[in-house]
Amino acid sequence: MNRVGSSRNDDVLVLGMNPHTGTEAEAIHRANPRARVTTLQDTVRNDQVVTSSARGGERVHDLKGEAGIQSFVATLELSWAQSQRVAAALAGAGEDARDELAQLAQVWARAEKGGVIPSRLVLSGHSGGSSLWGEERGFKNGVLSRDNIAQLAAALPRAAAGIEDLCVAACYNGGQTSVEAWRAIFPQVRTVWAYHGSAPGAASGSTAHLARWEKATRGEVNALQADAARGLRKGENLAVWSRRDGYQTATVSANLDELRTRYASGQRVFERSFSGAEAVRDAQRGPLREHYNTLQALLGRPEVSASERARLERARDQTLRVLFYGNVAEQFQRTHRTSLQRGFAALGWSAPDFSRLGRGEALSVIESFEAELSRRQPPPLEARRLLPLLTEGLRDLRRERVPENWL
């Protein structure tokens, strides 16, 4: 199902970061066989796309470097200035996300030359609210941020204006502020379907949700109902926006004061988990997940000031990494294995396997490492190089050291 419509239509473009993108696209096609569905997903080789010439020849473009990006954007046959804006959008995307963004550029570029693109767009993947990434059974994909998509949309404004119905099939993109951010990218959008809580995955109900979405947005639609996923798993987490009825959620939201009270009371749960005093037994449910849900709900409220929002975003990112600390430790160990061996060896110590340590044990090791390093004069170079990875990464769980596709 790699087809693009040839007239103003109900066709759908599905960009997915997970391996089950094809399954979700198939569910949409089954719901409406007349709707042509274009599927965009991870390429066979990271950040490489293949284009075909009019003569039938193929060329591989390696998007990791400037030369590959430039050779790719030349195939879009846009003006030089517009091509460079697309190139800047691709260059700004992270590792193993440029291939998906480039495929999106290929489809959208048709609108810039007078062609027609699918007017319905589905963005699917794991999310913490501001980006999409992929992971399933050991499969790791890159992180595609909302800003990456916004930059490409700004480079291809006719395409962005051609999106009439948007579905963000990912967790925590349905807060009011998040929906407004998506609407700003697609100025002519008529409806938005998203989730203010966790969203169902392909194995747990996303296909049924997407079938409902397809039916609800078929034809000329200016309204969506928040109960459109009633009876389906996680249907209570649905949030919608439409031109006629504005923003709605499937359940009644708590007021701002209630959310702030919940957040304050949940801080003790976070602190115990962050310190390693209490292990997270289940990342999907329990007190820490509820605390995370409260953070997301606060961030979805437009009344929250910019300064408070920045603080809450840092807290959200850190809490998410505590929830999935087991995954973080495993990826940290795999990614930094050589640096760990060299850094600990520089102190005459054997490097631990952080993937096998609980958070409390890991923090104790990091504290001992930092104390020993401070006693050494001069401090060994490899140990000094390792310290920020340990403190800013595994201890503090900073977003810039712990990417989302580790989660």
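In helix α10, the buried residues (buried meaning under 20% relative accessible area, exposed over 50%, and partly exposed in between, with a 1.4 Å probe and protein chains only) are Leu288, Arg289, His291, Tyr292, Thr294, Leu295, Gln296, Leu298 and Leu299. The cover over these residues of α10 includes α7, α9 (256-275) and α11 (306-323). Helix α10 itself comprises 13 residues, 287-299, and extends 19 Å from its first C-alpha to its last, close to the 18 Å expected at 1.5 Å a residue; the expected span is 1.5 Å times one less than the number of residues. Helices (H or I, at least four residues) and strands (E, at least two) are DSSP runs, numbered from the N terminus.

The model is predicted: local features need pLDDT of at least 70, side-chain atom pairs count only at pLDDT 80 or more, and totals for chains, interfaces and linings use all residues. Residues are numbered from 1 along each chain as its sequence is written, and side-chain values use heavy atoms, with hydrogens and water left out. The pLDDT, which is the predictor's confidence in each residue on a scale from 0 to 100, averages 94 over the protein chain, and 97% of the residues score at least 70. Residues 1-7, however, stay under 50 in pLDDT, and the model has 25 contacts for them beyond four places in sequence, a contact being heavy atoms within 4.5 Å. Where pLDDT is low, the predicted coordinates should not be read in detail.

The sheet may be considered next. Seven strands form an open sheet with mixed pairing, in the order β2-β1-β5-β8-β9-β10-β11. Strands β2 (37-40) and β11 (246-249) stand at its edges with a single partner strand each, so one side of each lacks a neighbour in the sheet. From one strand to the next, the twist averages 15°. Two strands are taken to pair if DSSP finds at least two bridges between them. Strands of a sheet pair through backbone hydrogen bonds, either parallel or antiparallel.

Four bridges link β1 and β2 in the parallel sense, and Val14 has Thr39 of β2 as its bridge partner. Helix α7 (residues 176-185) packs on the sheet and touches β5, β8, β9 (191-195), β10 (238-242) and β11; the direction of α7 makes about 45° with that of β10. Such angles run from 0 to 180 degrees between N-to-C directions, the axes being lines fitted to C-alpha atoms, for helices over the stretch in contact.

Strand β5 (residues 120-124) is mostly covered, with five of its five residues buried. On one side of β5 lie Arg120, Val122 and Ser124, and on the other Leu121 and Leu123; all are buried, and both faces are thus covered. Strand β5 pairs in the parallel sense with β1 (residues 12-16) over five bridges, and Val12 stands opposite Arg120. Five bridges also join β5 to the parallel strand β8 (residues 165-169), where Ser124 has Ala169 as its bridge partner.

Two further helices merit description. In α4 (residues 98-112), the 15 residues should span 21 Å at 1.5 Å a residue, and the end C-alpha atoms are 20 Å apart, which agrees. Helix α4 has a kink of about 25° centred on Gln106; the bend at a residue is the angle between axes fitted to the seven residues ending there and the seven starting there. Because 13 of its 15 residues are buried, α4 is largely enclosed by the rest of the structure. After α4 comes Gly114, with a positive phi near 95°.

In α15 (residues 381-395), the buried residues include Leu386, Leu390 and Leu394, and the buried residues of this helix pack against α12 (325-335), α13 (337-346) and α14 (359-375). Leu397, just after α15, has a positive phi of about 55°. In the loop between α14 and α15 lies Pro378, and the peptide bond from Gln377 to Pro378 is cis, with omega near 0°.

Other loop residues also have notable backbone values. Most residues other than glycine have a negative phi, and most peptide bonds are trans. Asp47, in the loop between β2 and β3 (48-52), has a positive phi near 55° and counts as buried at 2% relative accessibility. Tyr172, in the loop between β8 and α7, has a positive phi near 60° and counts as buried at 6% relative accessibility.
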